[in-house]
Amino acid sequence: MRAPRPFRVMLDFDTGSLTPYTDSFERRLSDMAVAYEDQDAVAGLLSAGQDPVIYTGYDADVPHAADHLPFRTTIINPGVIGSEFFMTKGHHHRRDTAEIYVGMSGSGLMIMQTRDGHARSAELVPSAAVYVPPGWAHRTVNVADTPLVFLAAYPGDAGHDYESVERLGFSRRVHRRDGGYELRPAAAPDREFRAGP
Ligand code: PAN
Ligand code: ZN
């Protein structure tokens with residue numbers, strides 16, 4: 001690996017672009033269909049050939065290795081599936097490590113929970129910094145009708161565990177209600193789509 005040198009990137013707080021970036025990512029509804037509560041709405045959209053981009057992002061050129069601090073922007077588009085707002089897949093870090101989020105534009109909500117059932121939420125807005133302690137799974141939700149843009153930095157050896165969140169879900173869901181949002185307890189864990197009968 002080349003010896004890393006100090007560098008800087010430019011951030012566009014409105015669009016979330018990070019220049020220069022090394023990788024970008026895009027998640028469509030079909031990449032995270034199981035995450036949404038209203039599976040009839042998911043099936044309706046996908047069978048009609050609609051597969052909206054839920055979020056995109058850009059990664060700075062930082063090694064995913066111990067001692068480094070990778071950082072990335074995420075842009076969650078505005079929208080709902082049924083009445084549930086567009087959101088990230090969410091994950092645990094494989095190694096229980098912390099993360100810092102900084103709001104850049106738009107308005108969102110972070111849903112966080114531990115493996116033993118504690119849950120918290122925090123509004124993510126421009127100038128807010130949200131600290132995710134070690135051991136807390138995290139998902140970000142866009143609760144406005146404009147893109148939600150934020151920066152996140154995490155230890156390079158954190159690793160991302162999406163599978164346990166796909167299997168067990170988050171205990172709270174964020175729905176559109178009266179021009180704002182409502183935090184609801186999840187009816188049941190997300191369906192066990194990997195499990196047999
Ligand atoms: C964030 C997330 C990013 C996309 O940078 O990776 O917002 O969300 P998902 O990874 O859940 O798809 C972060 O928490 N990194 O650790
Ligand atoms: Zn994370």
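This section describes the strand pairing, the zinc site, the surroundings of ligand 1 and the backbone exceptions of a predicted model.

Strand β4, which spans residues 53-59, pairs on either hand with another strand. With strand β3 (residues 23-28), β4 forms an antiparallel pair over six bridges. With strand β5 (residues 71-76), β4 is again paired in the antiparallel sense, here over five bridges. Thr-56 takes part in both pairings: Glu-26 has Thr-56 as its bridge partner in β4, and Thr-56 in turn has Ile-75 as its bridge partner in β5. Five of the seven residues of β4 are buried, so the strand is largely enclosed by the rest of the structure.

Strand β5 is further joined to β14 (148-153) by six bridges, the two strands running antiparallel. Within this pairing, Phe-71 stands opposite Ala-153 of β14. Strand β14 also pairs with β9, in the antiparallel sense and over five bridges; there, the bridge partner of Tyr-101 is Ala-152 of β14. Burial of β14 extends to six of its six residues, and the strand is therefore largely enclosed by the rest of the structure. Both of its faces are covered, with Leu-148, Phe-150 and Ala-152 buried on one side and Val-149, Leu-151 and Ala-153 buried on the other.

The strands β5, β9 (99-105) and β14 recur around ligand 1. The shell of this ligand comprises 16 residues, of which Tyr-55, Arg-72, Tyr-101, His-160 and Tyr-162 come nearest. Polar atoms of the protein approach oxygen atoms of ligand 1 at several points. A polar side-chain atom of Tyr-101 is found 2.6 Å from a ligand oxygen, and a polar side-chain atom of Thr-74 lies 2.8 Å from an oxygen atom of ligand 1. The backbone contributes as well, a polar atom of Gly-90 being 2.9 Å from an oxygen atom of the ligand. Ligand 1 taken alone exposes 400 Å², of which the protein buries 99%. The elements that supply two or more residues to the shell are β5, β9 and β14.

The zinc ion (ligand 2) is coordinated by three histidines and one glutamate, namely His-91, His-93 and His-138 through NE2 and Glu-99 through OE, at 2.1 to 2.2 Å. Six donor atoms surround the ion, and the angles among them, 75 to 177°, correspond to an octahedral site. Along the sequence, the donor residues follow the spacing H-x1-H-x5-E-x38-H. Two of these donor residues, His-93 and Glu-99, are buried.

The backbone shows several exceptions to the general pattern. Most peptide bonds are trans, and most residues other than glycine have a negative phi. A cis peptide bond, with omega of about -5°, joins Thr-19 and Pro-20; Pro-20 is located in the loop between β2 (18-19) and β3. A positive phi, near 85°, is adopted by Asp-67, a residue other than glycine. Asp-67 belongs to the loop between β4 and β5 and, because its relative accessibility is 82%, counts as exposed. Ser-127, likewise not a glycine, has a positive phi of about 80°. The position of Ser-127 is in the loop between β11 (119-124) and β12 (129-132), and its relative accessibility of 74% means that Ser-127 counts as exposed, the cut-off being over 50%.

Note on methods
Residues are numbered from 1 along each chain as its sequence is written. Chains are lettered from A and ligands numbered from 1 in the order in which they are written. This is a predicted model: local features need pLDDT of at least 70, side-chain atom pairs count only at pLDDT 80 or more; totals for chains, interfaces and linings use all residues. Side-chain values use heavy atoms; hydrogens and water are left out. Buried means under 20% relative accessible area, exposed over 50%, partly exposed in between (1.4 Å probe, protein chains only). Helices (H or I, at least four residues) and strands (E, at least two) are DSSP runs, numbered from the N terminus. Two strands pair if DSSP finds at least two bridges between them. Donors are N, O and S atoms within 2.8 Å of the metal (3.2 Å for Na, K and Ca); water is not among the atoms, so sites may look incomplete. Four donors count as tetrahedral if all angles lie between 85 and 135 degrees; four count as square planar and six as octahedral if opposite donors are over 155 degrees apart and all others between 65 and 115; anything else is irregular. A residue is near a molecule or strand if one of its heavy atoms lies within 4 Å of it. A polar contact is a pair of N or O atoms within 3.5 Å; within protein, one must be able to donate a hydrogen and the other to accept it, and residues adjacent in sequence count only if both atoms are side-chain atoms. Accessible areas come from the Shrake-Rupley method with a 1.4 Å probe; for residues, only the protein chains shown count as cover.
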